[in-house]
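Trainee: I would like to learn how to read a protein model step by step, beginning with a single element and then moving outward. Could we look at one together?

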Amino acid sequence: MDVIYTLVVFISTLISVSVLGLVAGFSPTLYVSQVAITSHARRPVAYAASLMSGVLAAVLVLILLFQVIQLDTLITIINSTIHAITLSVVFNVLVGVGFVVGGTLYLRHKEVLKAPKPTKAKQTGGLISVFSLGFVRTFISITGVTATFFAGNIISNVSLSLVERLIYTLVFFGAAIVPFIGIVIFMKKSPERILKATNQFRAWLRRINFRLIAGVGAIILGSSILVFNLMIILFY
């Protein structure tokens, strides 16, 4: 029974971190940029790799941050339960405030989906710019931060060994860039169809009002984190 239970937990965790990885890498602006890059760049693979590297770098920084601030990790580092709990609560309160503020700004901000068109004369500078685009858009993304926050908590709480944690983290990273890899592959095989699909995707986002859903969700999540941690402060 223990083996079956362990296997079920392992598989369910893999599924969870895979879904969260897809959400973490989800960015309409980056998808549109990816299509534009592979359409106009002289070295589309290099630009695509730069964009994906930027996304992965942002996800790596976020997930390391969220895992290091986990209570068990803090207790090990600080060697004081009271101080570790205090720091953990303070950090979570800041995260909650960040979600509320970010969600509010997300609702007020009107985004125009525009993508950079790299030129032949500035290949190196263009690669750095594309990397920065992937990093910044993912690092400040409501969906990216939220998904990474949950993934970091799940991986930290479920992992029983360093190897297990590494497997979950790598699966999370891989899922985050799957859409970008798919765009590169489909652009090579059928660029007309992917361009058409991109326009349909943008129309679908406008129709479902993704920004409203993400903004309200971030505010609700942030408020929940604040309430939970304030209760810990009051009753601990």
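Trainee: How many of the residues of H2 are buried?

Mentor: Keep in mind throughout that this is a predicted model. To judge how covered a helix is, one counts its buried residues, where buried means under 20% relative accessible area. In this case H2 is mostly covered, since 11 of its 13 residues are buried. They run from Pro28, Thr29, Leu30 and Tyr31 through Val32, Ser33, Gln34 and Val35 to Ala36, Ile37 and Thr38.

Trainee: What span does H2 reach from its first C-alpha to its last?

Mentor: The general idea is to set the span of a helix beside the one expected from its residue count. With 13 residues, H2 reaches 18 Å, which is close to the 18 Å expected at 1.5 Å a residue.

Trainee: Now for the whole protein: how many helices and how many strands does it have?

Mentor: There are 10 helices and zero strands, and buried residues make up 42% of the 236 residues. One can also ask how far along the sequence the contacts reach: among those between residues at least 6 apart, 85% join residues at least 24 apart.

Trainee: Which residues have the most contacts inside the largest nonpolar core?

Mentor: A nonpolar core is read as a set of buried residues of certain kinds, joined through side-chain atoms. The largest one here has 29 residues, and those with the most contacts inside it are Leu51, Phe172 and Phe180. At least two residues of this core come from each of H1, H2, H3, H6, H7 and H8, and H8 gives the most, with eight residues. Apart from this core lies another, of 14 residues, among them Phe66, Tyr106, Ile142 and Val145.

Trainee: What does Phe172 touch, if residues up to four places away in sequence are not counted?

Mentor: Phe172 touches Val17, Leu20, Gly21 and Ala24, together with Val59 and Ile63, and also Ala147, Thr148 and Ala151.

Trainee: At what angle do the axes of H1 and H8 cross?

Mentor: For a pair of helices, one reads the approach of the axes, the angle and the handedness, and then the residues that meet. The axes of H1 and H8 come within 7 Å and cross at roughly 35°, and the crossing is right-handed. The residues of this contact divide into 15 nonpolar, three polar and one charged. Among those that meet are Val9, Phe10 and Leu14 in H1, with Ile167, Tyr168 and Val171 included on the side of H8. Phe172, which has already appeared among the residues with the most contacts inside the largest core, also belongs to the H8 side of this contact.

Key: Residues are numbered from 1 along each chain as its sequence is written. This is a predicted model: local features need pLDDT of at least 70, side-chain atom pairs count only at pLDDT 80 or more; totals for chains, interfaces and linings use all residues. Side-chain values use heavy atoms; hydrogens and water are left out. A nonpolar core is a set of buried Ala, Val, Leu, Ile, Met, Phe, Trp, Tyr and Cys residues joined through side-chain atoms within 4.5 Å. Buried means under 20% relative accessible area, exposed over 50%, partly exposed in between (1.4 Å probe, protein chains only). Helices (H or I, at least four residues) and strands (E, at least two) are DSSP runs, numbered from the N terminus. Contact means heavy atoms within 4.5 Å. Axes are lines fitted to C-alpha atoms, for helices over the stretch in contact, and angles run from 0 to 180 degrees between N-to-C directions. A crossing is left-handed if the near helix is turned anticlockwise from the far one by less than a right angle, and right-handed if clockwise. Ala, Val, Leu, Ile, Met, Phe, Trp, Tyr, Cys and Pro count as nonpolar, Asp, Glu, Lys and Arg as charged, and the others, Gly among them, as polar.
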